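Q: Please take a close look at a single helix of this model. I should like a formal account of its geometry and surroundings, followed by its wider setting.

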Amino acid sequence: MQYLEGRKFVVMAIFLAVAVVFATRLFYIQVLDGSYKLAADRNTLQRIVQTPYRGLIYDRAGKLLVQNTPVYDLMVVPREVKTLDTARFCQLLQLPVEDLRAGLLAAKTYSRVKASPLVPNLSTPELAAIQDNLMDFPGFSIKARMARSYQDTVMAHALGYVGPVTPAHLEKPKYAKYLAGDNLGISGLESFYEQQLMGQRGVQYRMVNVRGIEKGAFRGGEFDTLSRAGQDLHLSIDRELQRLAEKLMAGKRGSVVALDPKTGEILAFVSAPTYNPNKLTGKGLGNRYMELLRNPERPLFDRPLMATYPPGSVFKLVNEAIALQAGVVTPTTGFQCNWKLVRCTHRHEPPNNVNIAIKQSCNPYFYQVMRAMVMRGRSTRKTEDAALGLADWRQQVVNFGLAQHLGVDLPGERMGLIPSPNFYNKQYGKNHWNFRTVYSLSIGQGEIGITGLQMANILAIIANRGWYYTPHFVRSVGKQGPLPQFRVQHRLPIEPRHFEALVPGMQEVIDGRGGTANLASLADVGISVAGKTGTVQNYHGEDHATFAGFAPAQDPKIVVAVFIENAGFGGLSAAPLASLLMEKYLRGNVAPWRKRWESWLPGPADRFLSRRH
Amino acid sequence: MSSPARYSRSIDWVTVGLYALMVLLGWLNVYAASYSPEAPATSLLNFEFNYGKQLVWIGTTVVLIVVLLVIDYKAYDTFAFVLYGVMIVLLILTRFIARPIAGSLSWLELGPVRLQPAEFAKFITALAVSRYMAGINLRNQNWRDQLVLAGLTLLPPLLIVWANETGQALVFGAFLLAYFREGMSPLILLVLAAAAIILILALLVPKLWLVAVFTLILLLVFAFNTRVLRHHLPVALSVWAVVIGMVFGVDYFFNSVLHDYQRKRIEVLINPSADPLGVGWNVTQSKIAIGSGGFAGKGFLQGTQTKFDFVPEQSTDFIFCTVGEEWGWLGTMTVIVLFVALLGRIVYVAERQKSVFGRTYGYCVASIIFFHFSINIGMTIGLAPVVGIPLPFFSYGGSSLWSFTTLLFILLAIDAYRKQDLERY
């Protein structure tokens with residue numbers, strides 16, 4: 001019997017074993033594992049976000065472009081709904097009874113005690129009908145919310161639009177601050193300046209119990225913040241100019257970019273075809289967005305920013321400036337219009353200097369200019385010489401802001417392409433290509449792509465004789481002026497005199513006898529325009545027409561770059577279109593005798609097609 | 001009867017101190033669990049709240065304790081079987097006259113007070129089996145004695161299961177520890193433990209794996225102990241067959257024998273994300289409350305999980321959550337240390353009894369408290385299935401406080417008179 005007493009140790013050991021297991025487990029969940037603390041905060045802490053007033057957008061003249069207007073949602077708290085007169089309710093709202101049932105069920109599934117939207121974006125008659133009768137429908141309420149509205153129908157692409165944040169957004173850490181149902185800028189300036197426009201959300205932490213009912217401020221409001229309204233954006237866009245540009249581009253595909261070369265401020269920015277920005281706000285946004293997305297004309301595609309085309313003859317200016325700086329040609333260098341490798345567009349006077357060459361857009365001349373630039377005889381092997389020369393050439397070309405993001409204040413900008421020796425090495429193999437492979441670059445054709453915005457920037461550089469500010473839309477965020485990156489002057493390593501040498505030829509393009517853009521002349525109102533036409537070869541259809549220029553030639557105040565798809569020769573459509581914009585901007589109106597242009601230019605691109613190639 | 005002064009000296013004051021400390025801490029936590037920051041207490045005797053009612057219950061236990069200690073210790077011995085009989089009748093009666101409360105038919109309503117006879121079945125059964133144990137010797141392997149003992153132990157829990165209070169019935173399993181101390185074969189404990197392990201493994205591990213492993217074990221036994229192969233082949237094979245049968249029977253048991261809610265409680269133990277809004281919710285929220293307490297806790301009345309009703313049954317079965325949230329690991333360790341100290345002290349007191357009755361009863365007390373302690377805390381931290389039994393001395397509730405107090409103080413009464421026992425025998 002005595003030895004049974006030893007069993008008390010077994011019993012005590014069992015007691016202790018359980019206690020040790022508990023102590024270990026408790027140490028783990030209480031001290032080591034932090035996830036329970038987070039879960040506890042998730043349980044009880046409710047963030048109440050006060051959405052600040054979104055910043056407004058003004059044009060160059062200080063007039064309102066984009067503002068907020070209240071839209072109204074009909075909310076429902078399922079638990080408070082009592083004896084609902086479905087028939088009357090549905091009749092007031094013109095709502096099918098099935099929709100009401102489905103909506104109530106969805107609301108119940110979300111929460112019985114929290115308000116959820118039953119009918120979002122009430123129309124004005126709906127609002128009027130239900131508001132007066134709300135007393136009879138306990139559990140229902142109207143909630144005002146801000147939506148964007150647009151004062152004008154212009155510049156949809158640059159403005160972008162605002163829409164509800166999607167679940168896909170919410171998963172990304174960048175959007176951690178947003179809540180489901182919040183609005184955010186989805187494209188354009190609305191997206192780029194989202195941080196500034198949205199202001200600072202106010203967050204209040206409330207403790208809630210298991211049923212979601214508030215139980216007071218968390219730690220006496222220690223962590224609460226107040227909301228701060230968003231900052232306004234002041235754009236450099238000239239609304240009148242923008243409106244005219246959009247009108248002139250009607251019926252066509254292409255882009256127009258006008259900027260002030262002295263500041264880099266964008267004055268007009270057209271992507272054609274365009275759409276009414278009011279389409280992408282308010283009730284039915286999603287449906288209308290899909291409609292625009294499916295449109296074969298691709299109105300949502302932001303061409304000046306995202307479409308890269310070969311620049312065509314306009315690029316001859318860049319090549320000439322580089323060659324002048326390299327010292328391989330002078331302004332008085334003459335070449336023969338010899339039609340050897342490249343043909344010229346037409347028969348013309350011999351290009352005995354750069355002025356004539358530019359005026360006549362002589363292809364053989366600029367072919368020889370680039371050959372002089374590239375083939376410097378630095379190697380006995382022609383292939384090696386071409387590679388060395390092309391590398392040099394590219395290094396200079398990218399200084400013009402090409403093959404890189406210019407850094408405009410819009411999202412989605414494309415870099416474009418300026419080919420490097422490696423580009424051709426990959427295609428043909430090292431030392432298996434020479435200058436004859438790349439010669440089309442000399443006239444801006446072939447393996448080269450730039451955006452409409454980059455084209456405008458090239459002209460701004462020439463207008464400034466060698467420097468530029470990054471093109472931008474926003475002159476001032478609130479009262480703070482433009483973003484810091486738009487206050488930095490970029491200076492090219494090319495002497496101003498080399499740019500100066502281009503200008504007389506560019507003026508002759510417009511005002512010289514037999515210039516390619518005589519139609520664009522503003523000499524009759526005393527404005528000297530300098531520019532260059534281009535006709536971009538297009539193997540898929542009619543050639544594209546381009547023109548890029550600035551005015552006045554000696555003190556440029558505006559740069560315009562026009563690109564019209566499938567409109568053939570640039571001098572006929574793009575150039576007069578650009579000059580109308582210059583005249584409008586510089587003089588405030590278009591001279592009466594040019595009004596016919598104003599009414600003729602809008603329309604489909606094929607009306608400009610002349611059959612002369 | 002000896003003088004009150006001498007009697008008071010012979011009371012085990014260590015146990016009384018531990019008991020008082022636990023009841024006090026328990027009340028503080030009940031107060032915290034039912035405290036509402038919007039309606040701060042105007043009076044501690046506010047009967048709208050559990051802490052007010054619990055204070056009354058605590059007050060009445062003082063009277064109860066005095067009565068228990070004043071009653072002649074021999075009465076517990078003498079009337080054990082009578083009490084047992086009354087209790088059985090009461091349990092049967094309750095089953096018929098009780099109004100269902102959450103599916104359970106075990107509550108008697110006497111005016112404003114609700115009592116659960118099942119709570120009192122514990123100490124009465126403990127008295128009865130101790131009394132019976134005093135007259136037999138488990139070591140003698142007398143099957144008749146063992147059968148009667150098993151009957152005495154099993155009848156009350158069967159009646160309680162009948163009244164849909166499975167949790168309270170499981171407590172009677174704890175008596176096995178006391179019987180073990182009195183000479184029951186350790187094989188029974190080992191077999192039960194093995195069965196439990198096999199059942200849990202069968203739920204966690206693919207069945208064919210288990211069959212392979214157990215078959216391998218059998219073959220290894222044969223290989224290394226040829227004597228088993230030669231002389232005990234039938235036994236070895238039947239053990240193997242029973243084990244394999246259990247592995248496959250577990251599904252049947254799980255799906256057909258257990259109620260839906262019972263099955264869920266076990267499923268949740270294995271996989272807390274099963275049934276996240278039902279039983280899983282309770283366990284998850286309970287763990288969140290305890291886990292969020294950290295090392296030193298959020299402070300008295302500062303718990304958010306318990307206060308805002310995330311934890312269900314927060315002042316009764318889940319009172320440990322309040323301890324964990326507001327007092328942290330230090331608090332939960334204090335509770336565990338107190339329980340281990342109390343259990344140790346009870347074993348110590350039991351061992352110093354000279355009568356088998358006293359000693360068995362002491363072990364019964366320790367076993368019952370231990371069972372409540374391990375299942376209740378185990379369920380709040382996800383180590384045991386959710387079984388609705390209270391944490392002794394801590395949980396809100398008159399029935400449970402009274403029954404645990406009675407359980408403990410009968411032992412102290414018996415202990416206080418052990419010197420007289422010495423004189424008598």
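A: The account below begins with the chosen helix and then turns to its chain, the cores and the chain contact.

This is a predicted model, in which local features need pLDDT of at least 70 and side-chain atom pairs count only at pLDDT 80 or more, whereas totals for chains, interfaces and linings use all residues. Residues are numbered from 1 along each chain as its sequence is written, and chains are lettered from A and ligands numbered from 1 in the order in which they are written.

The helix chosen is α15 of chain A, residues 363-374. Helices are DSSP runs of H or I with at least four residues, strands are runs of E with at least two, and both are numbered from the N terminus. The expected span of a helix is 1.5 Å times one less than its number of residues. For the twelve residues of α15(A) this gives 16 Å, and the end C-alpha atoms are 16 Å apart, so the two values agree.

A residue is buried if 20 or more other C-beta atoms, placed from the backbone, lie within 10 Å of its own, exposed if 12 or fewer do, and partly exposed in between. Eleven of the twelve residues of α15(A) are buried, so the helix is largely enclosed by the rest of the structure. Among them are N363(A), Q368(A) and R371(A), as well as Y365(A), F366(A) and M370(A). The buried residues pack against α13 (315-326), α14 (354-360), α16 (382-397) and α18 (435-438) of chain A; contact here requires C-beta atoms within 7 Å.

Chain A as a whole has 23 helices and 18 strands, and 43% of its 613 residues count as buried. Of its contacts with a separation of 6 or more, 71% join residues 24 or more positions apart.

A nonpolar core is a set of buried Ala, Val, Leu, Ile, Met, Phe, Trp, Tyr and Cys residues joined through C-beta atoms within 7 Å. The largest has 133 residues, and A258(A), V559(A) and L581(A) make the most contacts inside it. Helix α19 (residues 452-463) of chain A gives the most to this core, nine residues. Contacts of A258(A), leaving aside neighbours within four places in sequence, include L241(A), L267(A), V559(A) and Y585(A).

Finally, the contact between the chains takes 31 residues from chain A and 34 residues from chain B. On the side of chain A that touches chain B, α1(A) provides the largest share, 16 residues.

Notes: Two residues are in contact if their C-beta atoms, placed from the backbone, lie within 7 Å.
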